[in-house]
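Please look through the structure shown here, beginning with its overall fold and then turning to a few of its residues.

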Amino acid sequence: MNTNEILFSLIIPSRGTRPVALEQAIVSVLKAADNAGLNHDQFEVLIGFDGQKGERVVTENNVYYYDLPEDKNWGNGIRNILLKRSKGEKVVFLDDDNELTSSAFQIYLQYFKAELIIARIDVSRAFACEYLPQDVPGRSLVRQGNIDPLCLCLSRELVVDRCGGWKSSGGYEADYLNMLKYYRRAKTVEVVTDIVGIYDSGQGLDKKGINFRQKQLFDSGKKSQVIH
């Protein structure tokens, strides 16, 4: 690990309709980096807006915003563009309505030599279970519905050089297909029980930014609405 180079690239596709949640997501990265003793030269945050000029909610010298052509493909094309522009030795995928935990980078640094780190995320805001992935005897952790890109920290060499980036094939299912490919081709995998992310932490923060699944939760009364 060379501390004079960029260690981590945070890849954030954004619809551009969640400025409050996006700010929360970026701030969570900055706080986690501070907790791990990282300086701003050691990580970068890349945000790609889907077909519009998005709001620059946090201005730091290592936070980069890109107004990209309309993709409307679940962030798949945007993730791949940002990966090509990234410079970090490791890649972390973070959606604009999720957060990193305050200890995320400490965990990533602890297992830095692994090409692929699989850690837990808190999904209690969205699903009946408390966290993913769930370890079921006889079944792979990397299975449909059991894992999210937020669970992963990967080497850029694995993702970009050996696996060709983030493929869009499969549409909504592309998350699983890409993660499965990375898992199968990783030379070293470290599975940890620490929680590195909070899924749907930004739900309801932006009136125009609620996705279909979140709207169903609000309409059913299962989640309290805190829309700004």
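Helices (H or I, at least four residues) and strands (E, at least two) are DSSP runs, numbered from the N terminus. By that reckoning the chain has six helices and nine strands, and strand β9 covers residues 189–198, with V189 placed in it. This is a predicted model, in which local features need pLDDT of at least 70 and side-chain atom pairs count only at pLDDT 80 or more, while totals for chains, interfaces and linings use all residues. Residues are numbered from 1 along each chain as its sequence is written, and side-chain values use heavy atoms, with hydrogens and water left out.

Of the chain's 228 residues, 54% count as buried, where buried means under 20% relative accessible area, exposed over 50%, and partly exposed in between (1.4 Å probe, protein chains only). Contacts (heavy atoms within 4.5 Å) can be sorted by sequence separation: among those between residues at least 6 apart in sequence, 70% join residues at least 24 apart.

The accessible surface of the chain, computed by the Shrake-Rupley method with a 1.4 Å probe, comes to about 10,800 Å², and 47% of it belongs to carbon and sulfur atoms. V189 is partly exposed, with a relative accessible area of 34%.

The cysteines offer another view of burial. C129 counts as partly exposed at 26% relative accessibility, whereas C153 is buried, with a relative accessible area of 1%. The structure holds zero disulfides, a disulfide being a pair of cysteine sulfur atoms within 2.5 Å.
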